[in-house]
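Colleague: I am new to this structure and would be grateful for a close look at one part of it, namely the charged side chains and how they are paired or grouped. Please add whatever helps to place them in their surroundings.

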Amino acid sequence: MKSDKKPDVCVVGLGYIGLPTAAVIARAGCRVLGLDVSQKVVDTINRGEIHIEEVDLDGLVHGVVSRGLLSASTEVAPADVFVIAVPTPFDKDHAPDISYVLSAGRTIAPVLKQGDVIILESTSPVGTTERLRDLIAEMRPDLKIPGLTGEIPDISISYCPERVLPGRILEELTNNDRSIGGITPRCARKALAFYKRFVRGECVTTDARSAEMTKLVENAYRDVNIAFANELSIVADRMGLDVWEVIRLANRHPRVNILSPGPGVGGHCIAVDPWFIVHGAPEETPLIRTARGVNDGKMHHVIAKAEALVEAHPGAKVACLGLAFKANIDDFRESPARFVASRLARRFGERIHIVEPYAAELPIEFTDTGVRQIDIDDALEACDILIVLVDHDVFRVVPLAERANKLVYDTRGIWPDQPRAVRETETALRLVG
Ligand code: SAJ
């Protein structure tokens, strides 16, 4: 790759990370080929459209496709830089599954040439970049591979995780700092030169294994801290305290910053990545493992309390506010709110109403439950009980006057002024009933 020429880039995997990444690289003027196994995804993108929702992504993709900078295909082609952004799920025993990463490696190996830069972005257990390197070495014995040759290698291989927050992906892709871990320092320098083309944040180089662990640690850190808040919420309720008030006061301490309790932790990252650390060091991770249990347990706690509440008020109409895994996005994957609402729907049927402004229709599990999707205005008019599961802004701004006579179970703490709020103790449930 000559430094004066913009590299041709191939992005493998056009999902929530791959597509925005491909579009941002294309915006920087590189010609980008996006690779995906789904013909439908490829066709959508080649029409200048998108198959996922993300703020401002539609306009950006439309622009770079129509300028000929981004195209998609199911067939690999030679490029100067390969960015791999494929899923790394876990199996039923929480063991990480890196088969998509290895399969991406098998796809690109045949077209690699001298000077190519390979970057893995998928969240990965420690050692995955080296396994990718070994696979490429096996498939391409003609190439000098970094870390396996004393000479200057023909290609470079690095790990550089994304850190973007769904809902702010385009902004964070450009502005966040990046850790770039090379198989060798030379590999890291090659990847650094590439990221400098489109990242404004600081890019810090390290080794591949440290960068892999850094990504896992960031999400495990958040999981452990949310678990602390969730545990506090249950303790406070048992003691008859308002957890939100306690947290607000504690956070006035200059070195305390407690996160927000909720109905559990959703999404594809924070509830998954800690398991990669636990799997790598099972004996040494009691805290990380327990935090996972606390956060999953909070969801079941919310279900039990919501069921008790609905049962205690026969005939009352109930609205569940929100299905998304967090505020102001239309992502319903691994969402505790969705799980809680579907449990209530199955148990109480048509008494339950769902308000989710980000969903065009209810997810499949609500079919045949008798549950209806309504808007927030109808819920405020027709429902007696409101169960807040997601802190969407459109719920947050509902004035007290419009909800003062409702019985509210607010799992997100968005309405601190609610007079008839349900505490989570059995006693309080009876009191409000
Ligand atoms: N949540 C709480 N209380 C809080 C904060 C979050 O209950 O105080 C819940 C949310 O409601 C949601 C879940 O946690 O269900 C996760 O939400 P999030 O906003 O904390 O994170 P994600 O999953 O959208 O994105 C995370 C981010 N990681 C960190 O903040 C350390 C993001 O920067 C990563 O790029 C992303 O994971 C990823 O792809 O790994």
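Modeller: What follows describes the salt bridges, then the surface patches, the cysteines and two backbone angles.

The model is predicted. Side chains of opposite charge can pair when their charged atoms come close. In this structure there are 24 salt bridges.

One of them joins the side chains of Glu 121 and Arg 178, with an N to O distance of 3.0 Å. Glu 121 sits in the loop between strand S5 (117–120) and helix H5 (128–139), while Arg 178 belongs to strand S7 (residues 178–182), so this pair ties together parts that are 57 residues apart in sequence. Glu 121 and Arg 178 are both buried.

Another salt bridge is formed by the side chains of Lys 215 and Glu 162, at 3.5 Å from N to O. This pair also links distant parts of the chain: Lys 215 is in helix H8 and Glu 162 in the loop between strand S6 (156–159) and helix H6 (169–175), 53 residues apart. Lys 215 counts as buried because its relative accessibility is 4%. Glu 162 is buried as well, with a relative accessible area of 6%.

A salt bridge within one helix is that of Glu 245 and Arg 248, whose closest N and O atoms are 3.1 Å apart. Glu 245 and Arg 248 are three residues apart in helix H9, so about one helical turn separates them. Glu 245 is partly exposed at 38% relative accessibility, and Arg 248 is partly exposed at 44%. Elsewhere, Lys 5, Asp 80, Lys 113 and Asp 116 are linked in a network of salt bridges.

Charged residues also gather on the surface. A patch of negative charge there brings together Asp 375, Asp 377, Asp 378, Glu 381 and Glu 402. Of its members, Glu 402 lies in the loop between helix H14 (393–396) and strand S13 (407–410). With a relative accessible area of 41%, Glu 402 is partly exposed.

A nonpolar surface patch offers a contrast in character. Val 235, Met 239, Leu 241 and Val 246 make up this patch of about 340 Å². Leu 241 is found in the loop between helix H8 (208–238) and helix H9 (243–250). Its relative accessibility of 39% makes Leu 241 partly exposed.

The cysteines may be considered next. A disulfide is a covalent bond between the sulfur atoms of two cysteines. A search of the whole structure finds zero disulfides. Cys 160 takes part in none, as the nearest cysteine sulfur, in Cys 203, is 6.9 Å away. For Cys 187, the closest cysteine sulfur is that of Cys 160, at 13 Å, which is too far for a bond. Cys 160 is buried at 0% relative accessibility, and Cys 187 is likewise buried at 0%.

Two acidic residues deserve a remark on their backbone. Glu 334 is not a glycine, yet its phi is positive, at about 50°. Glu 334 lies in the loop between strand S9 (318–321) and helix H12 (336–348), and a relative accessible area of 52% makes Glu 334 exposed. Asp 368, also a residue other than glycine, has a positive phi near 65°. Asp 368 is placed in the loop between strand S10 (352–355) and strand S11 (372–373), where Asp 368 counts as exposed at 78% relative accessibility.

Notes
Residues are numbered from 1 along each chain as its sequence is written. This is a predicted model: local features need pLDDT of at least 70, side-chain atom pairs count only at pLDDT 80 or more; totals for chains, interfaces and linings use all residues. Side-chain values use heavy atoms; hydrogens and water are left out. Patches are made of residues with over 30% relative accessible area and no salt bridge: like charges are joined within 9 Å, nonpolar side chains (Val, Leu, Ile, Met, Phe, Trp, Tyr) within 5 Å. Accessible areas come from the Shrake-Rupley method with a 1.4 Å probe; for residues, only the protein chains shown count as cover. A salt bridge is a side-chain nitrogen of Lys or Arg within 4 Å of a carboxyl oxygen of Asp or Glu. Lys and Arg count as positive and Asp and Glu as negative; His and the chain ends are not counted. The place of a charge is taken as NZ of Lys, CZ of Arg, CG of Asp or CD of Glu. Helices (H or I, at least four residues) and strands (E, at least two) are DSSP runs, numbered from the N terminus. Buried means under 20% relative accessible area, exposed over 50%, partly exposed in between (1.4 Å probe, protein chains only). A disulfide is a pair of cysteine sulfur atoms within 2.5 Å.
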